[in-house]
Each structure stands twice: as structure tokens, then as C-alpha cells.
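Student: I'd like to learn how to read a structure feature by feature. Can we go through one together?
Tutor: Sure, let's have it on screen and start.

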Amino acid sequence: MAKKKLNHGNPIWNFFTSVQLTVVVLLLLAATSIIGTLIPQNASSLFYFKKYGEVFYKLFTALNIFDMYHSWWFLLLLGLLAVNLIVCSIDRLESTWKIIFPEKVVFNLERYKKIKKKEEFVSKETSDELKEKYKLFIEKKFAKVIEKETENGFALFAEKGRWTRAGVYIVHLSVILLLAGAVIGGVWGFKGFVKIPEGESVDAFETRKNNSIIKLGFTIKCNKFDVSFYDTGQPDEYKSNITIFENGKETLTTDIIVNDPLRYKGISFYQSNYGTASAKEVSLIITSNESNMVYTETLSQGMTIDLPEAGGKFILDGFVQGYDFRGHNLGESFVGRLIDNSSKELSVVMPVKFPTFDKMRRGAFSFEIEKFEKRYYTGLQVTKDPGVWYVYTGFIFMIIGCWITFFMSHQSICVEVKKIEKGSSVMVAGFAHRNRQSMKIKTAGLAEKMKGI
């Protein structure tokens, strides 16, 4: 590694290594995250306009508040935090590198003598008898022992865990990977939604970000949709049986259920919701308001029938999820047209939950839905996040780095043995760059064992 001194007088360098920058960026990220939680993201423009009004709608749109996690300023904050971590790591790397990979391991006996919480005891054996015994003992607990002769005896030194000083760099790397994953996912990922009626296929979907259409690169078909209900009428479980086609060939058929998505070529499909797309056949009750006769007809969407009593024609146009009537949602409804003998055309609405609704129209005929066979659609959330593996890797490194940083340390021990009149005087002192209280306990335990050697 080059020994060139970093230019700490450079104001730009000092700016990116400052703790103040880290604190400010983290506070800004926290504040913007709160805003992103309070203000719904990626909703429709109409929703935002109604909720916040014209002035705030224009202001928030200009600041990209409605999609802030993809905004240039949010990505800039993430970039600043990443640069801050990288520069801080580089700034301290030279000194840390020298500690982890020293050219020559030396130790200062006087430093250990000054440690207040050191252990001292007297052994009846001579220093020569203790030397080899202590060396073997320390090597088992630490590593290779450095021996130093003193005026009245000798001193032994050993250490372990120099590499644990790199734990903070692993944490920094994990944060950078997390930030990289967020940026990659935000720039190159997408999230959208698609509705697929039973028996139909799609090869594209609409994004939530700007309502643009994105091609999947393959075709997905909903073969069948199944739903089961509780006694209360609430859905119990629903699932979609889908088939994926590429170049006209079937490549995969599987079920998608809630919390069990399909992942195909980096794109995930989540079972989001469902609804009634249309009806295969509709049983229609036609009541003549003049003769009070009741007739029943079975027809399908788009079908035209002749009304009884030479009353004209009726066309069943289709099905809607929710019909708005004077601000009230009437729920699932069928819509059609009544064409009388004078070619006058009238709209007919037949809500499923309100079968007598059309009688309010007071025409020659009234219509109501007797029964119909539902044809469901499946609603799938479509997502792609190419940064997810960076995030997963970042979490793994975060766990490893935190474990090393908080639960491991660079430890060293020094044993000095002096000759005295009836044996030897022994001093045991230990040092750790982190969690020193634990090292004091460990030193006391080592000293206790050494007494019995």
C-alpha cells in the first residue's frame, strides 16, 4: 500500500470526511422518509389534485414529492452519504492498515505496567522454570509469543484479533451496498399493475410511476381464477392459474396465490386483487309495465334481442365494476340500451344488488338481473428490482460487520516475570481496543490459571 500522506488540508476532502455532513444527510433522509410515509406515493394525479389542491399539487409535482424515492434530490442524498462513507474509510485506512499489517510487531512493556487493573502474584518456581510453561500456555490462548529479556527476568507478549479492526469497514461496505441497491432499484427497477380476465393474455403492463406501458418480453395468460369465501362473505383465499408463453411456446404453468408470488426472468408477479370482468351468460327478467307480464331471456354481452309485445329491441352492452349514480356507488352493474319502435334509444342500468332499480325509469319495460355466471379477472402487481441482490448482500455484510465490531476486538497480553528471593514475581496485564471491561475479566481468569501452572 502506498504511504503517501492524504491531503487533509484540502477543504473538499475535509467536507466529505466531516461528521457534520453525515449527521445532516442522515437527518434529511429521515425527514424525507417521514414525508414519503405521510404522502402516498405513486397515486393518480386526480387523487393528489383533490387531496392537496391546485397550489400544493403543482409545488409537490415540481419537487417530485409524489415519487420522491426516485427523485433526483433523494438519489443525490444517497450519493452524498455513500461518498461520505467512502472518503471517511479512505481517510482512516492508512493508519488502520498499519495496525492490521505491521512491518514488525513490537510491544512496550512500560505501557502494560501502567495499566491499573493488572494481576500480580508470587510463584515459588524460578523464572527459568516458568518461561517455557507460560509460553506454551499463552500460545494456546493467543498466538506466537514474543519474548523479551529484562534486567531481573523476562517478559512475554502475545496478541490476536488485529483483523477485527476492519469490522467498521465491513459495516461501511454494507451501507454502500444497501445504498447502491436502492439507487439501482430506483433507476432501473419498476412497479406496476395488470388486470387479466380469465382466458385472456397480456404482454405488457402499466407502471405506477408515470402510467407508461412496459413490454414484458413474454406473454402471460390467466387460465382460471378461483376464490373461496368465509361465511361472512369476505374472501378466504384466491389464486390465479397462469401460463407463460415465449415465442408462442408454453414455458411455465403455475398458480399464484397471496404471499406466494411468481418470479420469472427477474420480474415478480404478486396476487394483488381480483374482480368481475364480465359475465359469460346473463339471465334477464323483463317486466312489461303495460300487461304486467314477466319474461325471462338468457343472453351474453353484446347480444341483441327482440322485446316481447313488439316493444322494440334490447342490447346488453356490458358489465361495470361500480356504477356511479348521483355520487353513490351501486356496485356491480350491467348496462344496456333499449331501442323502441321509433328508434329512440334509452340507457338501461341494472345493478346486481338493487334488482328493482330500473323500475324508477317508468318506461314500457323494466329490466333486472336474475342471475349470471361471473367471469373474474386477476389483478397482479408487477415488480422488478435489479438492486435487490445488492440489498441482500448488504444485509449479510451488515450482520457480519456489526458482529465483528461489537463482539470482537484486538486483544493483547503481557506477562512479566521477575526473579525474587524465594521464587518469582509475576505480572499479567491485558489490553483490548474495544470492550475493555471484558478484557479485564479475561486477564483475571488467565492469571488465575497461570497461578496453578
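Student: Let me begin with a cysteine: is Cys222 buried or exposed?
Tutor: Keep in mind that we're looking at a predicted model. The relative accessible area tells you how to sort a residue, and buried means under 20%. Cys222 has 0% relative accessibility, so it counts as buried. Cys414 is also at 0% relative accessibility and therefore counts as buried.

Student: And how many disulfides are there?
Tutor: For that you look at pairs of cysteine sulfur atoms, and a pair has to be within 2.5 Å to count. By this rule the count is zero disulfides.

Student: Let's turn to pockets. What is the volume of the largest pocket?
Tutor: The general idea first: rolling a probe the size of a water molecule over the atoms shows where empty space is left. Here, the largest pocket comes out at about 940 Å³.

Student: Which residues lie nearest its centre?
Tutor: Gly185, Phe190, Thr383, Lys384 and Asp385 do, out of a lining of 34 residues. Two or more lining residues come from each of α4 (72–100), α7 (167–188), β4 (190–197), β10 (267–288), β18 (365–384) and α8 (388–407).

Student: How does the lining divide into nonpolar, polar and charged residues?
Tutor: You'll find 13 nonpolar residues, 14 polar ones and seven charged ones in the lining of the largest pocket.

Student: β4 was on that list of elements. How many of its residues are buried?
Tutor: Six of the eight are, so β4 is largely enclosed by the rest of the structure. Then look at its partners. Eight bridges tie β4 to β18, and the two strands run antiparallel. Pro197 stands opposite Tyr377 in β18. β4 also pairs with β5 (residues 201–207), again in the antiparallel sense, over two bridges. In that pairing Phe193 stands opposite Glu206 in β5.

Student: How many residues sit between β4 and β5?
Tutor: Three residues sit between them in a hairpin, and Gly199 in the turn has a positive phi of about 85°.

Student: Now a sheet. In what order do the strands of the four-stranded open sheet come?
Tutor: Read across it and you get β12-β13-β16-β17, with antiparallel pairing. To find the edges, look for strands that pair on one side only: here they are β12 (304–306) and β17 (345–351). From one strand to the next, the twist averages 25°.

Student: How many bridges join β13 to β16?
Tutor: Seven bridges link β13 (residues 313–320) with β16 (residues 333–339), and the two run antiparallel. You can read that ladder pair by pair: Gly318 has Val335 in β16 as its bridge partner, while Ile315 is partnered by Arg337. One general point helps when you follow a strand along: in a regular strand the side chains alternate between the two faces of the sheet.

Student: Is Phe334 buried or exposed?
Tutor: Phe334 is in strand β16. It has 2% relative accessibility, so it counts as buried. You can also check a distance from there: Phe334 and Ser347 are 13 residues apart along the chain, and their C-alpha atoms are separated by 11 Å.

Student: What about the other side of β13: how many bridges join β12 to β13?
Tutor: Three, and these strands run antiparallel. Ile305 stands opposite Phe314 in β13. β12 and β13 form a hairpin with six residues between them.

Student: Which residue in that turn has a positive phi?
Tutor: Glu309, in the loop between β12 and β13. Its phi is near 60°, a positive value in a residue other than glycine. At 40% relative accessibility Glu309 counts as partly exposed, because that class runs between the 20% and 50% cut-offs.

Student: And where does Asn435 lie?
Tutor: Asn435 is in the loop between β20 (423–432) and α9 (436–451). Asn435 has a phi near 55°, again a positive value in a residue other than glycine. With a relative accessible area of 48%, Asn435 is partly exposed.

Terms used
Residues are numbered from 1 along each chain as its sequence is written. This is a predicted model: local features need pLDDT of at least 70, side-chain atom pairs count only at pLDDT 80 or more; totals for chains, interfaces and linings use all residues. Side-chain values use heavy atoms; hydrogens and water are left out. On a 1 Å grid over the protein atoms alone, a cavity is a set of points where a 1.4 Å probe fits but cannot get out, and a pocket is an open set with protein on both sides within 12 Å along at least five of seven lines; lining residues have an atom within 4 Å of a point. Grid points are joined across faces, edges and corners, and a volume is the space filled by probe spheres set on the points. Ala, Val, Leu, Ile, Met, Phe, Trp, Tyr, Cys and Pro count as nonpolar, Asp, Glu, Lys and Arg as charged, and the others, Gly among them, as polar. Two strands pair if DSSP finds at least two bridges between them. Axes are lines fitted to C-alpha atoms, for helices over the stretch in contact, and angles run from 0 to 180 degrees between N-to-C directions. Buried means under 20% relative accessible area, exposed over 50%, partly exposed in between (1.4 Å probe, protein chains only).
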